[in-house]
Amino acid sequence: MNRLLTHLRHVDLAVPDFEKQLDFYSGVWGLTETASDSGISFLAAEGSPEQYVVRLRRAEEKRLDLVSYGAATPADVDTLAEQLLAQGVQLITRPGGVDTPGGGYGFRFFDCDGRTIEVSADVAARKHRRIETQESIPVRLSHVVLNSPDLDRTRRWYEQHLGFRLSDTLSSPHMGEVMHFLRISNQHHSMALAKGPHTSLHHVSFELRGLDEYMYGTGRVLRAGVRKIWGPGRHLAGNNTFSYFLDPHGNTVEYTTELESLDEDTWHPHVYDFSQPEVTDQWGTANPMSEIVAKESFNDVDRGVFVAPPV
């Protein structure tokens, strides 16, 4: 199908301890609060033209509110909505005005795991700036990884309905396939799907300016006493660096840089055996991947998801 999505815009989280979560993201993690309302905060990355890359909302239960993607034009938004309706996808809203910072034109719908997805166009660009040498704050949102109990079903859904393409897969002899990396551009992945025991957020990843800034950032977050669960290291799939931490509500967040750009005309997906240490970490600097590390990113059961009908 034609690819109508252009990039990842933002990830929206609901949390019980709103103030603690806001202090983390606007403080040590290095985002900037650009707008707020009662119990809602919009946080931007200084190097990104997106109005915000994380939205926080006060709620009784922790949940992933939505994942938002961009489209090039309002006409593409309408085309996608019409296609999804024809394919039996449940829309939450029809295309129309977006009332979050920057406005725009968009709509929301459920994916096959019951997550809320938003697609929008014509959102006003935010005034942003170049991140300086050794400045260890996020340039932009890099990618999001979602846990799914039925990995292949979810992959097929995103390929069929939203035009994602497979870049690479992680597998092992005793566990089978455990992660699919999916793209909507020449960026190796803007989304990945992880095999998990339940539907939930796996992690949200933030791009830093370069290798030096990534290491400065990793050290700064460590010195602030934030719990690191894995890294620093460099993955084989995507060739990007990684340092994974837990936010105050147990969501995994990542600092990364140098994510691979592909030649889409010649790229063929690999299946990497993640039981080989050099697959998970080419450098060998990270603590070894283990079941304990893996379980940290299973996250809590997301009770906010809509139970979608079988497809």
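**Exercise 1.** In this predicted model, find how many residues the largest nonpolar core has and which of them have the most contacts inside it.

*Solution.* Start with the count: the largest nonpolar core has 56 residues. Next, pick out the ones with the most contacts inside that core, and you get Trp29, Tyr69, Phe109 and Phe206. Now zoom in on Phe206, skipping neighbours within four places in sequence: its contacts include Trp29, Leu31, Val53, Val54 and Pro138, along with Val253 and Tyr255. Finally, don't miss the second, separate core, which has 11 residues, among them Met179, Phe181, Tyr272 and Val279.

**Exercise 2.** Work out the strand order of the open sheet of 9 strands, and what packs on that sheet.

*Solution.* Reading across, the order goes S14-S15-S16-S13-S9-S12-S11-S10-S17, and the pairing is mixed. At the edges sit S14 (228–234) and S17 (270–273), each pairing on one side only. From one strand to the next, the twist averages 20 degrees. Then take S17 and its partner S10 (residues 165–172): they pair in the parallel sense over 4 bridges, and Leu170 has Tyr272 in S17 as its bridge partner. As for packing, helix H4 (residues 211–223) touches S14, S15 and S16, with its direction about 20 degrees from that of S15.

**Exercise 3.** Which residues lie nearest the centre of the largest pocket, and which element gives the largest share of its lining?

*Solution.* First the volume: about 890 Å³ of space. Of the 41 lining residues, Trp230, Phe274, Thr280, Met289 and Ala294 lie nearest the centre. Elements giving two or more residues to the lining include strands S9, S11 and S14 and helix H5. The largest share, 4 residues, comes from H6.

Key: Residues are numbered from 1 along each chain as its sequence is written. This is a predicted model: local features need pLDDT of at least 70, side-chain atom pairs count only at pLDDT 80 or more; totals for chains, interfaces and linings use all residues. Side-chain values use heavy atoms; hydrogens and water are left out. Two strands pair if DSSP finds at least two bridges between them. Axes are lines fitted to C-alpha atoms, for helices over the stretch in contact, and angles run from 0 to 180 degrees between N-to-C directions. Contact means heavy atoms within 4.5 Å. A nonpolar core is a set of buried Ala, Val, Leu, Ile, Met, Phe, Trp, Tyr and Cys residues joined through side-chain atoms within 4.5 Å. Buried means under 20% relative accessible area, exposed over 50%, partly exposed in between (1.4 Å probe, protein chains only). On a 1 Å grid over the protein atoms alone, a cavity is a set of points where a 1.4 Å probe fits but cannot get out, and a pocket is an open set with protein on both sides within 12 Å along at least five of seven lines; lining residues have an atom within 4 Å of a point. Grid points are joined across faces, edges and corners, and a volume is the space filled by probe spheres set on the points.
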